[in-house]
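Here are some short exercises to work through with the structure open beside you. Try each task before you read its solution.

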Amino acid sequence: MAVPISKQQMACDEATAKRLIADNWNLVQESVAEVAKQCGRDTSEIRVVGVTKYVDAEITGWLVDAGCHDLGENRPQLLESKFEALARPEIRWHQIGNLQRNKVRRLLPANPMIHAITSQRLLDALHQECTLQSRSIEGLIEVNISEEEAKTGLPVNQLESILRHWQDLPQPKTGGLQIRGLMAMAGWGTDQDAARRQFAKLAEIRDRIQNQLAIELPELSMGMSGDYPAAIAEGATLIRIGTRFFQGVLPTG
Ligand SMILES: *Cc1c(COP(=O)(O)O)cnc(C)c1O
């Protein structure tokens, strides 16, 4: 995995980078509002998570200055170090990538939403550690909707059992893992139409399992820089956008 860039490696100077990041943020906000309107959705239902894995803490801070207060990282170590380096209370952190159980304890002080719960073992470890630390943490189950073997995510046919297991866990008075919904990624190289069908599938799975288990799963985390309009059309409540915000800032090639 690529190392996040620092300002010495940017494609432009610092003042330009700050302006580009602010412009990109505003353009995405406008685009999200426009797509939401076309779909008859309220923009306030859609949270934009700025994925900052490409850049270091300093450049990440410029996206926060632009107005992005939800930040997503795929590596827990990077999330932790930015949580400490930035220490800004307005930031809500999102662990969007694969998480190993031995990384859970150190990650939780950032109070991140956990997007990629892909096994019962990870779910149990999170619930146990949330309980020990008296933290109430929101989590999403990552579902494999792309039917590619290489893709991560829980197979659809295991979703019911993991949610039933979670429903049966003893809930402490304070803290604990709160499952709030589902997350997915469209398969690599899928075109807009294929991505949209996969997002529709995730929404259908959510609707079905909600009824079946009498569980509330309001959050759908789906859509990235290349396919977020399709995700919004299919009901995304969290979209995870990285590259688009750093256009003109990241070195090309
Ligand atoms: C990197 C990443 C994103 C953002 O992708 P972009 O194409 O840069 O917008 C979204 N979700 C996950 C899980 C990622 O790892």
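UniProt annotations may be inferred rather than shown by experiment. Keep in mind, too, that this is a predicted model.

**Exercise 1.** Find the residue that UniProt lists as "modified residue: N6-(pyridoxal phosphate)lysine", and describe its surroundings.

*Solution.* Step 1: the record, an unreviewed entry, gives K53 for this feature. Step 2: follow the chain to the loop between β1 (47–51) and α2 (57–66), where K53 lies. Step 3: look for residues more than four places away in sequence that touch K53; they are P4, G72, E73, N74, L78 and K82. Step 4: judge its exposure. Partly exposed covers the range between under 20% and over 50%, and K53 has a relative accessible area of 26%, so it is partly exposed.

**Exercise 2.** Which atoms of K53, G242 and T243 lie close to oxygen atoms of the ligand?

*Solution.* Step 1: list the residues around the ligand, which include K53, N74, R240, G242 and T243. Step 2: take the side chains. An N or O atom of the K53 side chain is 2.7 Å from a ligand oxygen, and for the T243 side chain the distance is 2.4 Å. Step 3: turn to the backbone, where an N or O atom of G242 lies 2.8 Å from a ligand oxygen. Step 4: consider the ligand as a whole. Alone it exposes 390 Å², and the protein buries 88% of that.

**Exercise 3.** Why is C12 not bonded to C68?

*Solution.* Step 1: a disulfide needs two cysteine sulfur atoms within 2.5 Å. Step 2: the closest cysteine sulfur to that of C12 is in C68, 18 Å away, so it is too far for a bond. Step 3: the disulfide count is therefore 0. Step 4: check burial. C12 counts as buried at 18% relative accessibility, and C68 counts as buried at 0%.

Technical notes:
Residues numbered from 1 in each chain as written. Predicted model: local features only at pLDDT ≥ 70, side-chain atom pairs only at ≥ 80, totals over all residues. Heavy atoms only, no water. Helix = DSSP H or I, 4+ residues; strand = E, 2+ residues; numbered from the N terminus. Buried < 20%, exposed > 50% of the residue type's maximum accessible area, 1.4 Å probe, protein only. Contact = heavy atoms within 4.5 Å. Near = heavy atom within 4 Å. Polar contact = N/O pair within 3.5 Å; in protein donor to acceptor, adjacent residues only side chain to side chain. Areas by Shrake-Rupley, 256 points an atom, 1.4 Å probe, with all protein chains shown as cover.
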